[in-house]
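Grab a pencil and work through these exercises with the model open beside you. Try each task before you peek at the solution.

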Amino acid sequence: MPAENAPPIGFEDHDHRACVSRGLAAAEARCVDKGLRLTPVRRKVLEILLQEHRALGAYAILDLLRDEGFGSQPPVAYRALDFLAENGFVHKIERLNAFVACTQPGETHSPAFMICRLCESVAETQSAPSRGGLGSVARAAGFHIEKTVVEAEGICPACADKAHA
């Protein structure tokens, strides 16, 4: 499991082609291991999200799928996104009603998201809701946290740099 205080993945400079290749390879390996079927449309949706490094809504994904010849009906995108989310390859960003590729597919983790309010780029990091203030309150109430969604809105480094230039 990744370190709780690991730096967020999404805002830093990196080899983007290697990032996309690693993400697709991890998804393919997990599908083989779990007996799941990564169909061409599911793979393409994941590839689109890995390439974008930002959250995309289903209709934006559908437009990109149509451009690639995968069809233009909303169920095409929604079925692929459902599969990818159920199997931990993507996360839904509730604030944007959009999806982003998971940076640690196959790992059990509690992601937290930092969303730039200017460019809508998204960085994923780890949260530990059971250990913080929410965890303390939950334990005191006899509540067991199974899942949390942590989304913080602000300004990413690139947009902050542009604002100060």
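A residue counts as buried when its relative accessible area is under 20%, and as exposed when that value is over 50%. Keep in mind that this is a predicted model.

**Exercise 1. Get your bearings.** Work out how many helices and strands the protein has, and in which order they come.

*Solution.*
- Step 1: Count the elements, and you get six helices and five strands.
- Step 2: Now walk along from the N terminus, and the elements read α-α-α-α-β-β-β-β-α-β-α.
- Step 3: Check burial too: of the 165 residues in the protein, 38% are buried.

**Exercise 2. How far can you trust it?** Find the mean pLDDT and a stretch where pLDDT stays under 50.

*Solution.*
- Step 1: The mean pLDDT of the protein is 84, with 86% of residues reaching 70 or more.
- Step 2: Look at residues 1–8, where pLDDT stays under 50. For this stretch, the model has 16 contacts beyond four places in sequence.

**Exercise 3. Read a helix from both sides.** Take helix H4 and say which of its residues are buried and which exposed residues sit on the face turned away from them.

*Solution.*
- Step 1: H4 covers residues 74–86, which is 13 residues. From first C-alpha to last, H4 reaches 18 Å, close to the 18 Å expected at 1.5 Å a residue.
- Step 2: Pick out the buried residues of H4: Val76, Ala77, Ala80, Leu81, Phe83 and Leu84.
- Step 3: Look down the axis of H4: these buried residues fall within an arc of 160°, so they line one face of the helix.
- Step 4: Turn to the face pointing away from that buried side, and you meet the exposed residues Arg79 and Glu86.
- Step 5: Test Arg79 against the cut-off: its relative accessibility is 58%, so Arg79 counts as exposed.
- Step 6: Step just past the end of H4, and Gly88 has a positive phi of about 80°.

**Exercise 4. Jump along the chain.** Find the C-alpha separation of Arg79 and Arg42, then describe helix H2.

*Solution.*
- Step 1: Arg79 and Arg42 are 37 residues apart along the chain, yet 8.4 Å separates their C-alpha atoms.
- Step 2: Helix H2 spans residues 40–52 and has 13 residues.
- Step 3: List its buried residues, and you find Val41, Lys44, Val45, Leu46, Glu47, Ile48, Leu49 and Leu50.
- Step 4: His53 follows H2 and has a positive phi, near 55°.

**Exercise 5. Take a hairpin apart.** Describe how strands S1 and S2 pair and what lies between them.

*Solution.*
- Step 1: S1 (residues 90–93) and S2 run antiparallel, joined by four bridges.
- Step 2: Find one facing pair: Val90 stands opposite Ala101 in S2.
- Step 3: Four residues lie between the two strands of this hairpin, and Asn97 in the turn has a positive phi of about 50°.
- Step 4: Now check the side chains of S2 (residues 98–101): Ala98 and Val100 point one way, Phe99 and Ala101 point the other, and all are buried.

**Exercise 6. Order a sheet.** Which strands stand at the edges of the three-stranded sheet?

*Solution.*
- Step 1: Write down the order of this open sheet, S4-S3-S5, with mixed pairing.
- Step 2: S4 (122–126) and S5 (150–154) are at the edges with a single partner strand each, so one side of each has no neighbour in the sheet.
- Step 3: From one strand to the next, the twist averages 25°.
- Step 4: S3 (residues 111–116) and S5 run parallel, with five bridges joining them. Ala112 stands opposite Val150 in S5.

Notes: Residues are numbered from 1 along each chain as its sequence is written. Side-chain values use heavy atoms; hydrogens and water are left out. The expected span of a helix is 1.5 Å times one less than its number of residues. Buried means under 20% relative accessible area, exposed over 50%, partly exposed in between (1.4 Å probe, protein chains only). The arc is that of the directions from the helix axis to the C-beta atoms. pLDDT is the predictor's confidence in each residue, from 0 to 100. Contact means heavy atoms within 4.5 Å. Two strands pair if DSSP finds at least two bridges between them. Axes are lines fitted to C-alpha atoms, for helices over the stretch in contact, and angles run from 0 to 180 degrees between N-to-C directions.
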